[in-house]
Amino acid sequence: MFDELIVQAIDSGLFSTKKAGEMQFGPVAHPLELKVLACLRYMASGTDFVMMEELACISATVLEKFFHKWTAWVGNDLFRKWVTIPRTESEVAIVEGIYSRLGFPGTICSIDGVHVPWHCCPATRSNLHVGKEGYPTRAFNVAVGPTRRIFHVGPSHPGARNDKTMSKYDWYMQQLRSGLYSQHAFNCFDKNGHLIEQKGLHAITDAGYCRWFCLMYPLRHPSTLKERRWSKR
């Protein structure tokens with residue numbers, strides 16, 4: 001996967017790959033592989049570029065400039081290729097089949113709000129971005145499959161917004177609500193233990209979302225033993 005990422009970066013023509021001995025002007029560029037590894041490490045660890053300078057033996061200034069250029073390319077070119085919702089019959093069948101084997105027939109994805117800290121949030125906007133986390137964040141609706149593959153990332157929202165509000169501005173959740181998978185059939189058992197066929201897939205969410213028919217959510221205030229078992233984390 002890493003080698004494929006490097007090949008795609010080279011094919012884009014946006015990044016210098018000059019090596020020693022080649023016809024060139026100026027100093028030899030640092031290896032592209034090393035700069036990409038530094039960027040991946042930076043995103044995974046949340047450290048600063050000074051630490052990356054010690055690990056990669058590349059100046060923090062060079063890494064910082066490369067990081068913003070490289071992430072812009074990833075967001076513009078690779079995001080649409082790899083972050084896609086199940087659309088074809090075979091794609092939907094594979095995802096729903098895995099969920100069925102896990103005990104959740106009729107499920108197409110799991111959705112939840114993800115908050116990313118915004119440490120440089122202006123003080124004048126903190127009231128819009130400080131939510132339950134207690135510090136400024138930007139929030140996104142993220143849909144994932146049973147293998148943790150990301151299917152969809154919604155638009156960025158101020159961190160103080162709740163899941164219900166974000167879902168109303170999320171095109172994928174609106175598509176689910178409008179019947180995107182309403183014709184897809186799946187098998188499940190009724191209360192008597194008989195196998196029946198149902199139509200219409202749904203997404204798993206927590207109790208913070210709207211009570212839409214396309215969502216499967218726990219009960220916020222369960223009153224019976226079955227309801228408590230259903231809603232248990």
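Which residues make a nonpolar surface patch of about 320 Å²? The legends below begin with this patch; the model is predicted.

**View 1. Nonpolar surface patch with Leu40 of helix α2.** Leu34, Leu37, Leu40 and Met43 make this patch, which covers about 320 Å². One of these residues, Leu40, belongs to helix α2, spanning residues 32-45. Leu40 has a relative accessibility of 32% and therefore counts as partly exposed, since that class lies between the under 20% of buried residues and the over 50% of exposed residues.

**View 2. The two sides of helix α1.** Helix α1 runs over residues 2-12, and its buried residues are Leu5, Ile6, Gln8 and Ala9. Viewed down the axis of α1, these buried residues fall within an arc of 165°, so they line one face of the helix. In an α-helix there are 3.6 residues a turn, so residues three or four places apart point the same way. Asp3 and Asp11 are exposed on the other side of α1.

**View 3. Packing and end of helix α1.** The buried residues of α1 pack against two helices, α2 and α4 (60-82). Gly13, just after α1, takes a positive phi of about 75°.

**View 4. Surroundings of His202 in strand β7.** Strand β7 comprises residues 202-204 and contains His202. The relative accessibility of His202 is 12%, so this residue counts as buried, the cut-off being under 20%. Leaving aside residues up to four places away in sequence, His202 touches Pro105, Gly106, Thr107, Ile108 and Cys109, together with Cys214, Leu215 and Met216.

Notes:
Residues numbered from 1 in each chain as written. Predicted model: local features only at pLDDT ≥ 70, side-chain atom pairs only at ≥ 80, totals over all residues. Heavy atoms only, no water. Patch = residues over 30% accessible without salt bridge, like charges linked within 9 Å, V, L, I, M, F, W, Y side chains within 5 Å. Areas by Shrake-Rupley, 256 points an atom, 1.4 Å probe, with all protein chains shown as cover. Salt bridge = Lys/Arg side-chain N within 4 Å of Asp/Glu carboxyl O. Helix = DSSP H or I, 4+ residues; strand = E, 2+ residues; numbered from the N terminus. Buried < 20%, exposed > 50% of the residue type's maximum accessible area, 1.4 Å probe, protein only. Contact = heavy atoms within 4.5 Å. Arc of directions from axis to C-beta.
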